[in-house]
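Here are a few exercises to work through with the model open in your viewer. Try each task before you read its solution.

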Amino acid sequence: MAMHGMRGLSVFISDIRNCQNKEQERQRIDKELGNVRNRFKNEKGLSPYEKKKYVWKMLYIYMLGYDVDFGHMEAVSLISAPKYPEKQVGYIVTSCLLNENHDFLRLAINTVRNDIIGRNETFQCLALTMVGNIGGREFAESLAPDVQKLLLSSSCRPLVRKKAALCLLRLYRKNPDVVNVDGWADRMAQLLDERDLGVLTSSMSLLVALVSNNHEAYWSCLPKCVKTLERLARNQDIPQEYTYYGIPSPWLQVKTMRALQYFPTIEDPYTRRTLFEVLQRILMGTDVVKNVNKNNASHAVLFEALALVMHLDAEKEMMSQCVALLGKFIAVREPNIRYLGLENMTRMLMVTDAQEIIKRHQAQIITSLKDPDISIRRRALDLLYGMCDVTNAKDIVEELLQYLSSADFTMREELSLKAAILAEKFAPDLSWYVDVILQLIDKAGDFISDDIWFRVVQFVTNNDDLQPYAAAKVKEYLEKPAVHETMVKVSAYILGEYSHLLARRPGCSPKEIFGILHEKLPTVSTTTIPILLSAYAKILMHTQPPDQELQSQIWAIFNKYESCIDAEIQQRAVEYFALCQKGAALMDILAEMPKFPERKSSLIKRAEYSEADTAEQSAIKLRAQQQPSNALVVTDQPPANGATSPVPVGQLSLAMVPSMITTEDHTSTDPASSQQNGSLTKVDPQHPSADLLGDLLGPLAIEGPPGATVQSEHNAVSRLEGGPDAVDGSAIVPVEEQRNTVQPIGNIAERFHALCLKDSGVLYEDPYIQIGIKAEWRAHHGRLVLFLGNKNTAPLVSVQALMLPPAHLKMELSLVPDTIPPRAQVQCPLEVVNLRPSRDVAVLDFSYKFGTNMVNVKLRLPAVLNKFLQPIPVPAEEFFPQWRSLSGPPLKLQEVVRGVRPMPLPEMANLLNSFRLMICPGLDPNPNNLVASTTFYSESTHAMLCLIRIETDPADRTQLRMTLASGDPTLTFELKEFIKEQLISIPTAPPQSPAPAPAPAPPPAAQATPQIPPNDPAALLAGLLS
Amino acid sequence: MGIRFILMVNKQGQTRLAQYYEWLTLEERRALEGEIVRKCLARNEQQCSFVEHRNYKIVYRRYASLFFLVGVDNDENELAILEFIHLLVETMDRHFGNVCELDIMFHLEKAHFMLEEMVMNGSIVETSKANILSPIQLMDKAS
């Protein structure tokens, strides 16, 4: 009995168990640590058995949460013990106590390797497990080939191979290059034919990690996964030991379906059909049974199947089956199923069209918001948040508000933030929005961050109609007996600015308003007093005719605070008092705050930020990123950022605050006075008040793109100073009229080039609109969806989108609505059919009106030649006959290209790959050459194979020779020109980017093909090849 | 990454086994264990078996006086983990026969050996009880 002998350990454990309190436990542990330390000191006298015993004690102590800062060496040294029991302890304790960067681990690398490559399979298992648990980069570098060999070896037993699979997974995470080996994908596919379920389970985990990073490389594994799933689901050839309550390994089923979720689609109709049959059986055949474990296991499989069905965008019928199931789940008694039902329904929101069906369950979901279990309440909150749109915002937000008063503390902050965001995003009218936020402040003031009330102020300032309403509303709240300080802040600000609009109403005279506000002053903290002082100054200014009594009252307050210890309060008091003496000048300085520029809500930014903090890549998140449907709020760059905004700072601030110039004129004081103005109008970001109001007032007024009201002024300034042109000329068809006054955000040409390589992203953005695009390409068909998102709180009108397709593309754009409602997004599908090969580019002529601004842009659409390519590997035995049979012009063209952007060969290979030209390594014996193949799809050519060979000159990277062959002369020519454009132009530099439609090939490429000098070895080789 | 840690904790909140599959310092472990044990132990039978905590989801199950807590990533299949806990318990049961807290306490090494056969690097390696237990049985025979 290996362990029964460790009496000392048992005694120690029962001692610990008998300790009456934490203090006794600590004393006992300190004693033991001292004992172990002493024994380790004179290590010579320790038998392996004793060492083993002490090392277990260390682990025990460590597990209890006590620091063990010695004895690591002894644990590691046990790894090299010759006998299994000691070795085992060494490995296990080492992997518990040490982390991958520990120096001692490095010492053990050799022993570990010897165990891995040795003949003793139990040693192999121990070593693989430890490396799998804590192996670092160094292990990856020195052990990966050995581990791979074990995994693939046919002579190794499954018990070793299953560990090798997960060990390799660890090494791959430490260094992805360990599987960047030729043919690894094929071997991975072979592994999935494994009969042993242990090996298969581990290999499936390895596959999940691999496909989550690069599904392209592992296409061949897809049918294998489906086969595995079928085998399990039909319970074919599954050993009894691997069925769990009658269910064939639920864990492997789940893993397999997880792997399948990383492949974007399933092309092969047979595989797809098989998979759907299996999924259908799971969906229909899972019944609720008495046995809890069986029930859980079968539902684990069912929920994974649901996730897979959603991922595959299955037929409508199956989808509604899923929603029906989920609808059932969220209403059952079993809390686990209820929780998972809500969680999966939230995921389902990402599926197109599902939202409407989910809305039918709104009442049930709201009930779950009041569930006694916080886990379930959170899921319900998330789901409500996700399913909210213009149609149900009022109901949902009101539910949230109602729930807020009874919600537990831990949820209030999240709840109020979510309610605030929804109110802002989907407000049917702005007065409702103001109501909601004021209620939030009233009910949960402690959880309302500054950004929330800043945002209300911004909306009120920008909407004249809203101002009297908001002023009246905050006055009502202030009259309540207990008022939260945040409410005082927002009320003071709004009443200061707009209470004069109420002056004629009963109880709203300046004096009365002042009275209501001033009553609160003794109750507030020093951060609020400055806002009150500003409000007083403004109220005083608006008092017409002047009220002497009020004036002396307010002046007295300023006077009192002139000696306040808080610098901010003191400064304001002094300044306001001085300004009040200046009479008319006061009017200018205290004039109403200008409108805020439209910008992204900092709330929404914050929400995104908090969502982005889990780093692990998951299938769901990947999907979410691919979905531009929420492009409106998820922009990839901050729109109102000074760095990206083409508006120079100085111009704008001049245009925005004309009053500053005037005051300087007639006060004729030193610069300090304009500083004061700054603090009064609160546009000076350096001012201490900016900390408090910074987000709302300071940087925003200066950095942001200009608001509608100052548009014309600003434009005049930028013209005068010869500022950069409003629109990126090169990105636009030459006929573009430069009359736009709206600046695009980001570089249009760069966005276009990026979209040529990927299938979703932002095509165009300016302060008012964002146009996202998502495309799917299948053979010669393309389906694009344009996402037109209005970023504003006002509608965009006269929206027009006109397609200008080149002759080779048939394009059908669905109807674009004339108006895009505030903060809404519309989707416009666009069908594309490629008729024949051509490099011409389609253009979208897009225009809309915002306020008085007519914006018109012409945007190139990324329906470019390479989208109709499908990479295809061609083996040598097929390549050469093809290459020879296409013998010379016009089917095979050759050209020497000069002026190539110099780049190393791997980079060029990557570039070609990114255009869906598949590099075939090894076909050309010359390492300086690249050979690639691809299939081109169009209606006239159908699927046509294209072969490409590029010979580079290592001595001169700026030139190369390119040979292209295909069965269609136009295709050969167009593809050659296309590749040439990619190689010579710098795609991100607008001036060089190829002009679309009317212009022919760019000049540097159009040189005549010179003869190849006969002494060029590459040319000789080419002769041999052709 | 799947499973991040497995904890066995008794009703009094004393840790009986802790196995982490990602490195946390001792302080981080102490804090984490304190927080989640407090959260999970306060829950009742009518509540679900999942608790969200920081970036983890805790899937837990109670057997008599002992709680099994498994920390997983946010997108792990919760029910599969819940049943994996039960598989672990059944496996220990097969070995110890009517396993109880004391078995795990006094045979910590065996509990570790079993876990080691079942989970590696945060992923499930083996789910056949016979395969999980065979190394331990071999060792018991040898000594």
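**Exercise 1.** Find out whether A:K538 is buried or exposed, and find the acidic side chain that it meets in a salt bridge.

*Solution.* Start with accessibility: A:K538 comes out at 5%, so it counts as buried (buried is under 20% relative accessible area, exposed over 50%, partly exposed in between, with a 1.4 Å probe and protein chains only). Next, look for a partner: the side chain of A:K538 meets that of A:E497 in a salt bridge, 2.4 Å from N to O. A salt bridge here is a side-chain nitrogen of Lys or Arg within 4 Å of a carboxyl oxygen of Asp or Glu. Now place the two: A:E497 sits in helix α26 (residues 485-498) of chain A and A:K538 in helix α28 (residues 529-542) of chain A, 41 residues apart. Helices (H or I, at least four residues) and strands (E, at least two) are DSSP runs, numbered from the N terminus. Last, check A:E497: its relative accessible area is 3%, so this one is buried as well.

A word on the model before going on: it is predicted, so local features need pLDDT of at least 70 and side-chain atom pairs count only at pLDDT 80 or more, while totals for chains, interfaces and linings use all residues. Residues are numbered from 1 along each chain as its sequence is written, chains are lettered from A and ligands numbered from 1 in the order in which they are written, and side-chain values use heavy atoms, with hydrogens and water left out.

**Exercise 2.** Work out which parts of chain A the salt bridge between A:E765 and A:K791 ties together.

*Solution.* Take the distance: N to O is 2.7 Å. Then locate the ends: A:E765 belongs to strand β3 (residues 760-765) of chain A, and A:K791 to the loop between β5 (781-790) and β6 (797-804) of chain A, so the bridge ties parts 26 residues apart in sequence. Finish with burial: A:E765 has a relative accessible area of 0% and is buried, and A:K791, at 13%, is buried too.

**Exercise 3.** Describe the interface of chain A and chain B, beginning with its buried area.

*Solution.* The two chains bury about 6200 Å² between them, 54% of it on carbon and sulfur atoms; this is the accessible area (1.4 Å probe) that two parts lose on being put together, summed over both. In chain A, the residues that lose the most area to chain B are A:M63, A:E241 and A:W251, together 11% of what that side buries. Then count: seven salt bridges run between the chains. One of these to inspect is A:E343 with B:K57, whose closest N and O atoms are 2.3 Å apart. That pair runs from helix α17 (residues 335-348) of chain A to strand β4 (residues 56-63) of chain B, and both residues are buried. Another cross-chain pair is A:K162 with B:E126, at 2.7 Å from N to O.

**Exercise 4.** Which helix gives the most to the largest nonpolar core?

*Solution.* First get the core: it has 289 residues, and A:V112 and A:L207 are among those with the most contacts inside it. A nonpolar core is a set of buried Ala, Val, Leu, Ile, Met, Phe, Trp, Tyr and Cys residues joined through side-chain atoms within 4.5 Å. The helix you want is α2 (residues 78-96) of chain B, with 11 residues.
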